[in-house]
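Please open the structure in your viewer and keep the selection panel at hand. The tour below proceeds stop by stop, stating what to select and what is to be found there.

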Amino acid sequence: CIQHFSDLPIQILMMFSLATLASIATLAVGEGFGPSGTVYVIRHGEKVSTLGDLNWKGKLRADHIANIFDGQTFQTPKAIFAGHYSGQPERTLHTVQPLGHKLGLHINNDIQNEKHKDIANAMIQKLRQGDDVVLAAWEHLNIKGVCEAFGVDKHECGKWPGDDYDSVYVFTFDGSSKTVKHVKAASFSKEHENFHGFDAVV
């Protein structure tokens, strides 16, 4: 005879329901797991010495940065990070403080410059939480490692020149990367702040 669902033991019905819900959840995650948004990575401003804080030009650059991430030149960030130094002035933090103050955003200065995967994961997490534009000011010798942590080829990332304070690395994510541990940027480009000291338009 044909057995109806109403005749099945309640335990079997519950197992069937749980299995169905699990399948639906798996499909939902597979279809839209990847983060979407834009990540910007910049270098700190000019400094007084090798291990020093910002000099007068670096401070002017910080003010310039507060004006160019305005939704026109560059998108306005919803989260800001600054690489942490041990035993040195926090020049990355000081580079983005004017912007953070202008936007009313807390700046995360907890992750050390050398922790490439940690900062990449932290920025990805912000994208997943809905903060679809993220900015990080970092130490230039470590930006290459951050770039590679986003899945960009090391030759395309290249070495950040010691005299370059103006470049902006732009990473875009379109939701297509669905793995949990290895999120890869959909595209990577290099832009510029176009800061020219006293000639900059602010």
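Display the molecular surface of the whole protein. The accessible surface comes to about 11200 Å², and carbon and sulfur atoms account for 56% of that area. Please bear in mind that the model is a predicted one. Among the 202 residues of the protein, 43% count as buried.

Next, change to a cartoon view. Six helices and six strands appear. Followed from the N terminus, the elements run α-β-α-β-α-β-α-β-α-α-β-β. Of the contacts with a separation of 6 or more, 73% are made by residues 24 or more positions apart.

**The sheet**

Select the strands. In what order do the six strands of the open sheet lie? The order is E3-E2-E4-E1-E5-E6, and the pairing is mixed. The edge strands are E3 (107-108) and E6 (187-192), each of which pairs on one side only. In general, the strands of a sheet pair through backbone hydrogen bonds, either parallel or antiparallel. Now restrict the selection to E1 and E5: these two strands pair in the antiparallel sense, over seven bridges. Within the view of E5, highlight Phe173, which has Gly37 standing opposite.

**Helix H4**

Select residues 116-128, which form helix H4. Why does the length of H4 agree with expectation? At 1.5 Å a residue, the 13 residues of H4 should span 18 Å, and the end C-alpha atoms are 19 Å apart, which agrees. Show the side chains of Ile119, Ala120, Ala122, Met123, Ile124 and Leu127, which are buried in H4. The cover over the buried residues of H4 includes strands E1 (36-43), E2 (79-82), E4 (133-138) and E5 (167-174), together with helix H5 (140-149). Then move along the chain to Gly130, which follows H4 and has a positive phi, near 105°.

**The disulfide**

Finally, select Cys147 and Cys157. A disulfide joins Cys147 to Cys157, with an S to S distance of 2.0 Å, and a search of the whole structure finds one disulfide. Cys147 lies in helix H5 and Cys157 in helix H6 (residues 154-157), so the pair ties together parts that are 10 residues apart in sequence. Is the disulfide of Cys147 and Cys157 left-handed or right-handed? The torsion about the S-S bond of Cys147 and Cys157 is about -85°, and the disulfide is therefore left-handed. Are Cys147 and Cys157 buried or exposed? Both Cys147 and Cys157 are buried.

Notes: Residues numbered from 1 in each chain as written. Predicted model: local features only at pLDDT ≥ 70, side-chain atom pairs only at ≥ 80, totals over all residues. Heavy atoms only, no water. Helix = DSSP H or I, 4+ residues; strand = E, 2+ residues; numbered from the N terminus. Buried < 20%, exposed > 50% of the residue type's maximum accessible area, 1.4 Å probe, protein only. Contact = heavy atoms within 4.5 Å. Areas by Shrake-Rupley, 256 points an atom, 1.4 Å probe, with all protein chains shown as cover. Expected span 1.5 Å × (residues − 1). Pairing = 2+ DSSP bridges. Disulfide = S-S within 2.5 Å.
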